[in-house]
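Hi everyone, thanks for making time this morning. Please pull up the structure on your screens, and we'll walk through it together.

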Amino acid sequence: MATRIQFENNCEVGVFSKLTNAYCLVAIGGSENFYSAFEAELADAIPVVKTSIGGTRIIGRLCVGNKNGLLLPHTTTDQELQHLRNSLPDQVVVQRIDERLSALGNCIACNDHVALTHPDLDKETEEFIADVLGVEVFRQTIAGNILVGSYCAFSNRGGLVHPHTSIEDLDELSTLLQVPLVAGTVNRGSEVIAAGMTVNDWTAFCGSDTTATELSVIESVFKLREGQPTAIVDDMRKSLIDSYV
Amino acid sequence: MMPGSAPAAGGAGMFVPVATAGTVLCCMCGVSMQPNPANMCARCLRARVDITEGVPRHAAVVYCPDCSSYLQPPRSWLRAGPESPELMQILLRRINRPLARLRVSLSGAEFVFSEPHSKRLRLKLRLRREVLHGVVLEQTHPVEFVVHDRLCDNCSRAQANPDQWVAVVQLRQHVPHRRTFLYLEQLLLKHGQASLAIRVAAAPGGLDFFFGSRSHAARLVDFLATVAPIQTQTAKQLVSHDTKSSVYNYKYTFSVEICPICREDLIALSPQASRDMGGLGPLVLCVKVTNAIALLDPLTLRVHHLEEKKYRVYNFKAALTSKQLVEYIVLDIEQESPEISIDGSRYQLAYAQVARLSDFGKNDTIFTVRTHLGHLLNAGDHALGYDLYGANLNDDDMDTAMTRYSLPEVVLVKKSYEKRQRTRRWKLKRLPVEEEATNKAKGEEERRLDEYEAFLRDLEENPESRFSMNLYKNEDYRSEMASTVGDDVPTVPIEELIEDLTLGDDEEDEGEETAQGNTHAGMME
């Protein structure tokens, strides 16, 4: 189920949180509402951890992770690193890497099997990603943008990309990622997908500006609508989903 | 990204991959559409965002009904016709600032018809504005202007007191004829010096020019000083006085008197004057009046220029003026010396035998005189001159001269041509002079017309006087078939004439020019 939330009156929830299948990281905010929303949804399944990275709250854009591991930029302090190691489950490998492009969340998008990275990423970082996250790494651009981590969000079941992505690109990415992809927007027409929402295999959180159309697209492509009458789902699928691989 | 599947053209062997844009759903209404920077379909965009929000729908403009001009605040009034580009410019300037503040740009404007007496002007503007991540929307927006009537400053001043003047130039010349004023009128028209005058009125003995400011009047007086020998006196009269700011309002009067000597006047110089001018013969003829008087001694062909100030020392008057010219017929002429030219005019000393036209058939009165018109006269010509033999003069200087020297009996002044009443190829413009309603003697009108006719004939005969004035082509002129009569009558050559400005002529000229230009271009290619 997709939920609409706000972080301190800001709709860019993907900036202030990181959601994976094994854990969830949340930024430290003034009020507890943001944390409570995540808690309410996820508390029984996965741990929800409040943290900062390098003293900042934009943790969603600075780190990247999946159920196997978490990669942190070199700006992370030792205390934060330790805190994260303590809070996250043991099978999650927490690693701080030295990468010139320190906003890892903007440069890398991944699910549990495949990762798309910024074309200019270091070879060494690529190896780290392959090791720590246990994924296959592809250097790609999305609709001509090199910040792949910002302009697409995908889980193991589907993905949403920048609205200006051409059909050929969509096909190619779909082949690489082996999931159905759709070009769409979030937060009432915003193209920065990953900043506006965060998603894992069974739930998604979007900014409160997201319109009903966008929400339905998200729910259908990420297959979040479990337990709905299939007829309606099929109909909507036909009219909403553009390309399937 | 181009819609459709046309491959992008690569230049010079470069491979450009095919990029077909996919369709996205409009985030508001869910309709499938091409992606745009706002990712909303056009209808949702337009519904959501009104780019004309805050743009004024009504405005006011001020109009002066007298001179049909519109106010451009704070103070300038611009003339504009109905639905003209100037009017559109004025109206757009009125709403320019709110548009600029809202960052809306104007991509077009046009007039919507409204009845002129409705006092409303309607414009349809096409506005363009950037909204939401770089999408540019265009929308039409009607604006209605309410027209308020108000007299502009100049019109209200004219309306309040049409006779309001601040300075007057009273131009006078104490001679019985008005030739000087006719000539001055043409000079003023050519140089545009009377354009600032509020009113021009005729007064006995001259003209009055009324001005709205003292400097305009002073400008006219300065101009007159360069073209005529004048003497000026100024006076001022207090009209009102503001005690608090110590501002005094005056009415200024410039009393300008032109020297009474005119062209073709015969003057007898007093012995002292004659001596001061280097022994100029007692009888002199005035040949040219500019800001100095040119006096010609017809017997010695010497010209002396007398300035106004020097003239005031002697203050002599003309003994005989051009009204007293008598017609003579030349019986015989014998050139005495070669033709000389002084000041651009030609003279030649000659002996002539003349008889008065009134005597011609009746008696044998013949005069033998020396004249300066040797280059013009032939036997059988008619000439005009002063009859000193039969004149009865009331002039002290003339009496002194008569007793001292032996004066000639006739002084010939100019050649006379046949009087032919015919239309002229040229015409003159006139100043709008208000005639005084009262004090019109019976023969006054005819006399004025005669004087004007004489003035025009004088212009024909004298190319130098034509030089300083504008002659216009007379469209009503038709060259007469009867040009066999007397070809020696002087006429104004057509090269000196100016085309009178009319719109019809301009369009014709433009048409001709473009036709020529086209043919020229054709030839080039």
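I'll talk about the interface, then a sheet, then the salt bridges. One thing to keep in mind throughout is that this is a predicted model.

Let's begin where chain A meets chain B. The contact draws 18 residues from chain A and 20 residues from chain B. Putting the two together buries about 1,500 Å², and carbon and sulfur atoms account for 53% of that area. Which residues of chain A lose the most area to chain B? They are A:His164, A:Arg188 and A:Thr213, and together they make up 33% of what that side buries.

What holds polar groups together across this interface? The rule gives five residue pairs in polar contact between chain A and chain B, with both residues at pLDDT 80 or more. Salt bridges are another matter: across the interface of chain A and chain B, the count is zero.

If you colour by secondary structure, look at two helices of chain A. Helix H8 (167–177) and helix H10 (212–221) each supply at least two residues of the side that touches chain B. H10(A) gives the most to that side, with three residues. As for the make-up of the side of chain A that touches chain B, you'll find five nonpolar, eight polar and five charged residues.

Now please swing over to chain B, where there is an open sheet of four strands. Their order is S14-S15-S16-S17, and the pairing is antiparallel. Which strands stand at the edges? Those are strand S14 (266–268) and strand S17 (302–307) of chain B; each has a single partner strand, so one side of each is left without a neighbour in the sheet. Neighbouring strands here are turned by 35° against each other on average, with direction ignored.

Let's zoom in on one pair from that sheet. Strand S15 (residues 283–289) and strand S16 (residues 292–297) of chain B are antiparallel and share four bridges. If you'd like a spot to click on, B:Cys286 stands opposite B:Leu295 in S16(B).

Last topic, back to charges. Over all chains, the rule counts 21 salt bridges. One of them joins the side chains of A:Glu8 and A:Arg57, at 3.0 Å from N to O. This pair links distant parts of the chain, 49 residues apart. A:Glu8 sits in the loop between strand S1 (2–5) and helix H1 (13–16) of chain A, while A:Arg57 belongs to the loop between strand S4 (48–51) and helix H3 (59–62).

That's my tour, and I'm happy to take questions.

Note on methods:
Residues numbered from 1 in each chain as written. Chains lettered and ligands numbered in written order. Predicted model: local features only at pLDDT ≥ 70, side-chain atom pairs only at ≥ 80, totals over all residues. Heavy atoms only, no water. Contact = heavy atoms within 4.5 Å. Buried area = accessible area lost by both parts, 1.4 Å probe. Salt bridge = Lys/Arg side-chain N within 4 Å of Asp/Glu carboxyl O. Polar contact = N/O pair within 3.5 Å; in protein donor to acceptor, adjacent residues only side chain to side chain. Nonpolar A, V, L, I, M, F, W, Y, C, P; charged D, E, K, R; others polar. Pairing = 2+ DSSP bridges. Axes fitted to C-alpha atoms, helices over the stretch in contact; angles between N-to-C directions.
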